[in-house]
Amino acid sequence: MKYEYCKKFDTSYSMIDMSGRLGLVECLDLNQDMITEFFGSVGSDNRILRKENNAAWIYTRTKFHIEDLPFWNTRTEARTFVSAKSPIRLTLETALRGEGGKILFAAKTEMCAIDFAERKIRPIGTLTFPTDLEAEPSLVEAPFEKLKTDFCEDDFVYEEKVYACDMDFTRHTNNTRYLKYLMNTFPQEFFTEKSVTDLDILFAKESSAGSLLRIYKKDLGENTIAFQICSEGEAVVKALLKFSDTAPSWDGNF
C-alpha cells in the first residue's frame, strides 16, 4: 500500500530565529513531529510500540537540504512518506512546500526500533507496523555524509549538561536538543548574515539527564562546519553543516 501523511503549518513566532525565518532547530522539530504523527496515523507510534512490543522507534541519522526557509506567518504544507525499507530500518522523508508547491526543505531520516528489554534492534516484522507499506521515490537523492572528521581538544567549544527537561518519551535526550547545542556555537551574526543549505546529523549513542556533553566544532573551509558531541569520551552525535553567504531578505524588521 502507498501512503503519505500531510499537514499544513503556519510559521508561528515561536518557530523563527533571529532572521525571521523558520529556525534550523525548529526544522528538526517539525521533521520529528511529522514522523511521529506519520507513525501515529498508521498505528505504530512509540506509545503503541511501548505498550504492544516493549520497543520504540529511534532516529539514527537525518539529512536536510534547504532551498528557502519560510518567514514568519507563511502558510506551508508538509508531507512525510517512506522512501526506503529493510528488515531492520526505515527511511522516511519529509518535504515542506510553500506557495505553488515549491519545496522549501526536504529531509530524509533513517529509523530503527530498539527493544527496551534487550537494548537491541528489533526486526520491523516483529513490530506493530503495516508490513505492506510501500516505499515511494526519494526526494533527497544525495547519500548521507560519512562524517569522518577527526577532532582534538583544540576544537573544543563548550560543555552542556543534560537536564530532565531535555528528555523525550524514551527517557533519553531529545534529538532536537543536540542541534540546539550545536547552533549555540555560532554568534548572532551567523543567523542574520548566512543561510544554512545542508545538514547531516548522526545520532551515534544515547545520553540522559545528568550527562555532561562536550561540544567540538571544526571549520573545514568552503562554508562547511563539522561538529561532534561527546560524553565520557565517546561520540554521541556527529554532524556536518553547510551554509551560503546569502543573507535572508525580510521587510518585517522589529
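These are my notebook entries on a predicted model of one chain.

**Ground rules.** I number residues from 1 along each chain as its sequence is written, and I leave hydrogens and water out, using heavy atoms for side-chain values. Since the model is predicted, I accept local features at pLDDT of at least 70 and side-chain atom pairs at pLDDT 80 or more, while totals for chains, interfaces and linings use all residues.

**Overall fold.** I looked up the secondary structure first. The chain has four helices and eleven strands, taken as DSSP runs numbered from the N terminus (helices: H or I, at least four residues; strands: E, at least two). The radius of gyration is 18 Å, close to the 18 Å from the globule rule for 254 residues, so the chain is as compact as a globular protein of that length. The radius is taken over C-alpha atoms, and the rule is 2.2 Å times the number of residues to the power 0.38. Along the principal axes, the C-alpha atoms fill a box of roughly 50 × 50 × 30 Å.

**Burial and contacts.** I then checked how much of the chain is covered. Of the 254 residues, 49% are buried (buried is under 20% relative accessible area, exposed over 50%, partly exposed in between; 1.4 Å probe, protein chains only). The accessible surface comes to about 12600 Å², and carbon and sulfur atoms hold 48% of that (Shrake-Rupley method, 1.4 Å probe; for residues, only the protein chains shown count as cover). Among contacts with a separation of 6 or more, 73% join residues 24 or more positions apart; contact means heavy atoms within 4.5 Å.

**Charges.** I find 32 positive and 41 negative side chains, with the centres of the two sets 5 Å apart. Lys and Arg count as positive, Asp and Glu as negative, and His and the chain ends are not counted. Each charge is placed at NZ of Lys, CZ of Arg, CG of Asp or CD of Glu.

**Aromatic rings.** The structure holds 15 aromatic pairs (rings of Phe, Tyr and Trp, the last by its six-membered ring, with centres within 6.5 Å; planes under 30 degrees apart are stacked, over 60 edge-to-face, the rest tilted). I looked at one stacked pair, Phe 39 and Trp 57, at 4.5 Å centre to centre and 15° between the planes. The pair links distant parts of the chain, with Phe 39 in helix α1 (residues 24-41) and Trp 57 in strand β2 (residues 55-66), 18 residues apart. Both Phe 39 and Trp 57 are buried. They belong to one aromatic cluster with Tyr 3, Phe 38 and Phe 129.

**Two buried polar residues.** Asn 174 sits in the loop between β7 (156-161) and α3 (175-183), and counts as buried at 12% relative accessibility. Beyond its neighbours within four places in sequence, Asn 174 contacts Gln 32, Asp 166, Met 167 and Asp 168. Thr 224 lies in strand β10 (residues 224-231) and is buried at 10%. With the same neighbours set aside, the contacts of Thr 224 include Lys 218, Leu 240 and Phe 243. Its C-alpha is 30 Å from that of Glu 99, 125 residues away along the chain.

**Positive phi.** Most residues other than glycine have a negative phi. I noted Asn 73, with phi near 70°, in the loop between β2 and β3 (75-85); Asn 73 is exposed at 61%. Arg 119 has phi near 55° and lies in the loop between β5 (103-115) and β6 (121-122). At 40% relative accessibility, Arg 119 is partly exposed.
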